[in-house]
Structure formats: structure tokens, C-alpha cells
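Q: Could you show me how to read the features of a protein model, one step at a time?

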Amino acid sequence: MPYPYVLLSAAVSLDGYLDDTTPERLLLSSRADFDRVDEVRASVDAILIGAGTIRADNPRLLVNSPERRAARVAAGLPPYPLKVTVSGSGDLDPAANFWHTGGEKIVYTTEKGAERVHALGIAADAVPLGTELDWRRLLEHLHDVRGVRRLMVEGGGTIHTQLLRQGLADELQLVLAPLFVGDPAAPRLFGPGGYQGGRLRLVETRRIEDVVLNRYEPTAPGAGPLPAAADRHWLALACALAADCPPSETAFSVGAVIVAADGTELARGHSREAGDPVVHAEEAALAKLDPADPRLAGATVYSSLEPCARRSSRPAPCARLILDAGVRRVVTAWREPDTFVTEADGTGLLTARGVDVLVFPEYEERAEEPNRHLL
């Protein structure tokens, strides 16, 4: 998954508005929360806002604390994160504060938009993504070409919605301000339809003066062959479950989690669970579910090691159990080595039957850790 960690940051009124309709910007955060945002900015490699936010708020988007800038420099980083904006048309104001403060700037746009950016003389690197904007291509470019590992997104609401809908946001930091806007013409965090990816997971609630910070993580798996940010969480959990396995000299320690399309955890399991010396992780998890459960058809199986294609301890290997359950998507961290079974290829068996199998090699070391004695 060659994307940065994507952190969405927003402040809203109690009735869900980002701003009101007056000419002045509505300040929703408290002084202490503005300082927290500054701290988050100092911790990331890049900050992204949409062209609409530049037009509406004319922000500078800086790390304001001299101490935090100095700490970045001491760590070998530029004093300011890369500033990023997105504009399909390239219709941007060359006089906006965004271009004249801070460090490097980059505009992701279309081919025609890049021509306009150059014609306007905007002091930024213009990167065309083709005839239309593509968030996955944008994130890949930031990760692979610009070296961005952590990306903070500060708006606007359309961008937040798109990233959440496409499963590309790893975290939402939402500040709730104690006031009402009450104007249907004012901008909201999410428009009609909003985010339909299931319930988010609340990971932190913190009072900051008179506002409240809530941190959420998405839970809904990706669809088909496309990875989603929530896939990282569930695969990390599967790798952690492998550490619960009783040690063995003749079998791998593996963890597995089964998650419905809406992000509901259906079951989890690990190798040699409940004193069964030969049970596999996926087998243990599937055994906890009714085979007729309609959610299995849209579920994803996360396993720290690819499901086995052959085994001697039981009649059906885990890849066959997954197929029999009707699951059509599997995410794994580690392809099975030849330690016990030569040319094991559970992935091949599954994909030949139409199952989408995604391998996240960046989690391979975590999956190997409880099996070091076997390698």
C-alpha cells in the first residue's frame, strides 16, 4: 500500500458546520487547540488543503512555533512541511498567502490545469495526474516521489469526504466547538450522502479548554483488489494475534480476523487456539461463525500468513475453508515459505477461484516475529 498515513483534521460546530456565511472566518478552535494543530503540523511531512480552502480562507498553513521548526531542522527536516493543494482547473490566485509563506509547494491538477498554473506564474511544482484528478495516483506520487510518509489534510469538506469514501484516510481528528451555526447555506464537514463506510472507531476523546477533540479510525475494509486504510488496522491486529499462539517447532504461529464489509469484526482466531494442537488461525475464526451468515459474502479475511493450500493434519486446507464460506477477499502479510510445505501457494488457489488476495509486504516482519525460531 504505497500511500502516506493520511490524517484528516477539522473543527466543526455542534450542528456540523465548518464555517458560517459571514465574510470573516469563523474561529471554531480554542487557543490551546490551535497550538495542538501546530504540533500536529510539525509532526508531518506534508499538509494538504483544497483550492476552495485557499480561496475562502487564504491561509498561510505554517508551523508557527519557532521551537518546533528548530526541532524539525535538528532532525534533518525542512522547517516547514511540504504544502500541497489540489485543483482540477488550475484556477488559483498567484497572490494567495499559500504561495508566499513556508517551504516547498506542490499543486496536483489535470493536464489542462498544469498549463494554467504555469501560465499564472505560480511558484509551485505543478503535477498533472491526467485528464481527471485521481487520489490514489496523488498519494502514490507523494509517497514514492516526494517521500511523504505522514500527510495532514486540513480541508475542505469535499476533500475529507472523498478520502473517507475511497478508504484512503487512516485517521480523523475532529474538534467539536460549543456553538451552533444554524445556516443551511454554510459549509458542512460532509455533504449529502456523507461517509457511508460503516461506523468509525473512537480511539481518543480529549477536552481542550472549551472544545473536545475526538480521534477516529475507519473500520470498513477495502473493496475488491483496492486497498483501504482500514486494511492496515485489521492486518496489524491479525499479526498481533499470532503472538498469542502457543509456541511450536512444527507449525507457524498465525493470527486471523474476519471483518464484515461495514467494518464489524465477525470473528478472530489464532493457531493452536483453545488447546487444539493442529487448528489453524483462519479455521479457528471461521468455526465461530454460522456458515449461512450472509455477511461472509462481503467479508474480508485478514491473516498474518497466507492461507494454506495443503495440510496433513485436517482434510481441508484454510484456502478451501475460505472458499467454502463464500469469502471473496483476503488480506495477508506474508507468503508462506517452504519451511514445512514446498511451493505452498494458498494465494494461487484463492485467486484461481476469483478471490481477491492482497499482500501487504510492509507487515511481513510483524508476521515473522513470533516465528523467528523456525526461519
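A: Happily! Let us begin with how elements are named: helices and strands are runs assigned by DSSP and numbered from the N terminus. In this predicted model, for instance, Glu209 lies in the loop between strand E8 and strand E9 (211–217).

Q: What is the phi of Glu209, and is Glu209 buried or partly exposed?
A: Glu209 has a positive phi of about 55 degrees although it is not a glycine. Its relative accessible area is 46%, so Glu209 counts as partly exposed.

Q: Which residue in the loop between helix H2 and helix H3 can I look at next?
A: Try Leu61, which sits in the loop between helix H2 (51–57) and helix H3 (66–74). The phi of Leu61 is near 60 degrees, again a positive value in a residue other than glycine. Leu61 has a relative accessible area of 7%, and because buried means under 20%, Leu61 is buried.

Q: How do strands come together in a sheet?
A: In general, strands of a sheet pair through backbone hydrogen bonds, either parallel or antiparallel. Here you can find an open sheet of 9 strands with mixed pairing, in the order E5-E4-E3-E2-E6-E1-E7-E9-E8. At its edges are strand E5 (125–128) and strand E8 (201–208), each of which pairs on one side only. Direction ignored, neighbouring strands of this sheet are turned by 20 degrees against each other on average.

Q: How many bridges join strand E2 to strand E6?
A: There are 3 bridges between strand E2 (residues 46–50) and strand E6 (residues 150–153), and the two strands run parallel. Look for Leu48, which stands opposite Val153 in E6.

Q: What is special about the peptide bond from Gly155 to Gly156?
A: That peptide bond is cis, with omega near 5 degrees. You will find Gly156 in the loop between E6 and H7. Helix H7 (residues 157–165) also holds Leu164, which counts as buried because its relative accessibility is 5%.

Q: Where do the side chains of a strand point?
A: In a regular strand the side chains alternate between the two faces of the sheet. Strand E13 (residues 329–332) is covered on both faces: Arg329 and Val331 on one side, and Val330 and Thr332 on the other, are all buried.

Q: Which strands pair with E13?
A: One is strand E12 (residues 300–303), joined to E13 by 3 bridges and running parallel to it; in this pair Ser303 stands opposite Thr332. Another is strand E14 (residues 356–359), which pairs with E13 in the parallel sense over 4 bridges. There, the bridge partner of Thr332 is Val359 in E14.

Q: What links these strands along the chain?
A: Follow the chain through the helices. E12, helix H10 (residues 318–325) and E13 make a right-handed β-α-β unit. From E13 the chain then crosses through helix H11 (residues 346–352) to E14, and this β-α-β crossover is right-handed.

Q: Which residues form a nonpolar patch on the surface?
A: Leu14, Leu176, Phe180 and Val212 form it, with about 350 Å² of accessible area together. One of them, Leu176, lies in strand E7 (residues 171–176). Leu176 has 32% relative accessibility, so it counts as partly exposed.

Conventions:
Residues numbered from 1 in each chain as written. Predicted model: local features only at pLDDT ≥ 70, side-chain atom pairs only at ≥ 80, totals over all residues. Heavy atoms only, no water. Pairing = 2+ DSSP bridges. Axes fitted to C-alpha atoms, helices over the stretch in contact; angles between N-to-C directions. Patch = residues over 30% accessible without salt bridge, like charges linked within 9 Å, V, L, I, M, F, W, Y side chains within 5 Å. Areas by Shrake-Rupley, 256 points an atom, 1.4 Å probe, with all protein chains shown as cover. Salt bridge = Lys/Arg side-chain N within 4 Å of Asp/Glu carboxyl O. Buried < 20%, exposed > 50% of the residue type's maximum accessible area, 1.4 Å probe, protein only. Right-handed = clockwise from strand over helix to strand, strands pointing away.
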